[in-house]
Amino acid sequence: MRSQLFVPGDSEKKMNKGLESGADCLFIDLEDSVAAANKETARRLACEFLASARNREKRPLLYVRVNALDTGLTDRDLDMVVPGRPDGILLPKSQGGVDVQHLAAKLAVREAENDIADGITKICCVATETASAIFGLSSYRGASRRLTALTWGAEDLSADLGAETNRLEDGTHAPVYVLARNLTLLAAVSAGVQPIDTVYPNFRDEAGFRRECMEARRDGFTGKMAIHPAQVPIINEVFTPPAAEIERARRIVKAFADNPTAGVIGLDGEMLDKPHLERARKLLARLGSTG
Ligand code: COA
Ligand code: MG
């Protein structure tokens with residue numbers, strides 16, 4: 001999934017607009033964008049929305065961002081939304097693999113109670129929202145088959161650090177957030193799950209947003225979260241591999257398939273060996289194509 005659009009769970013209007021946005025996934029929020037007084041309303045609206053939206057023929061994946069495990073709100077969130085059969089849960093303030101397993105256990109119980117197949121509900125974690133979470137990044141590997149993606153956040157991390165800002169004057173992230181970003185990328189790849197880049201809050205700054213998307217793709221992120229529908233088409237465009245790249249990946253896979261005993265081959269005047277083949281295969285796998 002290239003684009004994940006946050007929609008506040010207490011806004012029927014934004015949830016419905018999200019469906020038309022072209023996003024590959026909606027992150028229906030019960031956490032930071034919903035005031036404490038509205039949590040219960042948001043849970044009910046989110047469940048009703050899930051139940052109606054999931055039957056649409058062509059729809060985005062539907063994940064719910066629950067409240068963090070240490071808030072005491074997660075169980076009620078799950079009790080209310082799992083009956084709506086979300087495709088996944090986005091876990092904020094995750095501290096590592098142990099939190100994934102904790103959430104997986106909670107999901108297994110609710111799946112059983114609601115006659116939902118065991119393990120269907122996936123998990124994506126926001127993995128850098130506190131200083132201690134950074135030190136849990138290596139523990140996602142092997143934590144659960146439910147884990148599909150890791151993403152990172154600079155807003156809550158800067159609050160935890162007591163920092164003045166998380167972005168420099170030119171709009172780029174300050175060094176400690178770049179570290180969190182890069183470690184998330186490495187942790188996700190090491191865990192065999194999708195690395196997703198963080199949000200860009202300044203939703204009127206299209207040029208800055210596009211630049212950040214391109215930097216993320218350059219480094220290996222395969223998607224980015226959006227907070228506004230206007231960001232979705234840019235994400236989808238940047239994270240869709242260009243036709244020429246797909247074609248070249250197919251040719252690389254074919255060249256190795258045609259020369260099964262060759263460790264290294266030349267194509268268009270360039271040396272290609274195993275890492276090039278791996279990269280080509282990864283790109284095609286993302287398209288759901290075997291080449
Ligand atoms: N999802 C769906 N629709 C959205 C949307 C979103 N995330 N953000 C804005 N829209 C809708 C608005 O409701 C508005 O609809 P309308 O034209 O029918 O009135 C339209 O898109 C244009 O919105 P705009 O006026 O540009 O922005 P806004 O001031 O209404 O909203 C935010 C700005 C930041 C409050 C809004 O984008 C938002 O709620 N984003 C998600 C916040 C969130 O979930 N944060 C948690 C993760 S960090
Ligand atoms: Mg937050």
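**Exercise 1. Decide whether Gly119 is buried, partly exposed or exposed in this predicted model.**

Solution.
Step 1. Take the relative accessible area of Gly119: 23%.
Step 2. Recall the cut-offs: buried means under 20%, exposed means over 50%, and partly exposed lies in between.
Step 3. Gly119 is therefore partly exposed.
Step 4. Place the residue. Gly119 sits in the loop between α4 and β5.
Step 5. List its contacts. Setting aside residues up to four places away in sequence, Gly119 touches Glu111 and Arg146.
Step 6. Check a long distance. Gly119 and Ile246 are 127 residues apart along the chain, and 32 Å separates their C-alpha atoms.

**Exercise 2. Test whether the length of helix α4 agrees or disagrees with its residue count.**

Solution.
Step 1. Helix α4 covers residues 97-113, which is 17 residues.
Step 2. The expected span is 1.5 Å times one less than the number of residues. For α4 this gives 24 Å.
Step 3. The end C-alpha atoms of α4 are 25 Å apart, so the two values agree.

**Exercise 3. Find which residues of α4 are buried, and what covers them.**

Solution.
Step 1. The buried residues of α4 are Gly97, Asp99, Val100, Leu103, Ala104, Lys106, Leu107, Arg110 and Glu111.
Step 2. Think about helix geometry. An α-helix has 3.6 residues a turn, so residues three or four places apart point the same way.
Step 3. Look at the cover. It includes helix α3 (74-81) and the strands β4 (88-91), β5 (122-126) and β6 (147-151).

**Exercise 4. Identify residues with positive phi that are not glycines, on either side of α4.**

Solution.
Step 1. Start in the loop between β4 and α4, where Lys93 lies. Lys93 has a positive phi of about 50° and is not a glycine.
Step 2. Move to the loop between α4 and β5, which holds Asp115. Just after α4, Asp115 takes a positive phi of about 60°.
Step 3. Judge the surroundings of Asp115. Its relative accessibility is 68%, so Asp115 counts as exposed.

**Exercise 5. Name the protein donors of the magnesium ion (ligand 2).**

Solution.
Step 1. The donors are Asp32 (OD) and Asp156 (OD), at 1.9 to 2.1 Å from the ion.
Step 2. Locate the pair. Asp32 is in the loop between β2 (25-29) and α2 (39-53), while Asp156 belongs to helix α6 (residues 155-161). They are 124 residues apart, so the pair links distant parts of the chain.
Step 3. Rate Asp32. At 47% relative accessibility, Asp32 is partly exposed.

**Exercise 6. Describe how the protein surrounds ligand 1.**

Solution.
Step 1. There are 15 residues around ligand 1; Phe6, Lys13, Lys14, Ile227 and His228 come nearest.
Step 2. Read the polar distances. A nitrogen atom of ligand 1 is 2.8 Å from a polar backbone atom of Phe6. An oxygen atom of the ligand is 2.8 Å from a side-chain N or O atom of Lys13. For Lys14, an oxygen atom of the ligand is 2.9 Å from a side-chain N or O atom.
Step 3. Judge the cover. Alone, ligand 1 exposes 900 Å², and the protein buries 64% of that.
Step 4. Assign the shell. β1 (3-8) and α1 (12-19) are the elements that give two or more residues. β1 gives the most, with four residues.

**Exercise 7. Decide whether Asp197 is buried or exposed, and find its side-chain partner.**

Solution.
Step 1. Asp197 belongs to strand β7 (residues 194-197).
Step 2. Its relative accessible area is 1%, so Asp197 is buried.
Step 3. The side chains of Asp197 and Trp152 are joined by a polar contact of 2.8 Å.
Step 4. Beyond neighbours within four places in sequence, Asp197 has other contacts, among them Arg181, Glu212 and Lys224.

Conventions: Residues numbered from 1 in each chain as written. Chains lettered and ligands numbered in written order. Predicted model: local features only at pLDDT ≥ 70, side-chain atom pairs only at ≥ 80, totals over all residues. Heavy atoms only, no water. Buried < 20%, exposed > 50% of the residue type's maximum accessible area, 1.4 Å probe, protein only. Contact = heavy atoms within 4.5 Å. Donors = N, O, S within 2.8 Å, 3.2 Å for Na, K, Ca; no water. Near = heavy atom within 4 Å. Polar contact = N/O pair within 3.5 Å; in protein donor to acceptor, adjacent residues only side chain to side chain. Areas by Shrake-Rupley, 256 points an atom, 1.4 Å probe, with all protein chains shown as cover.
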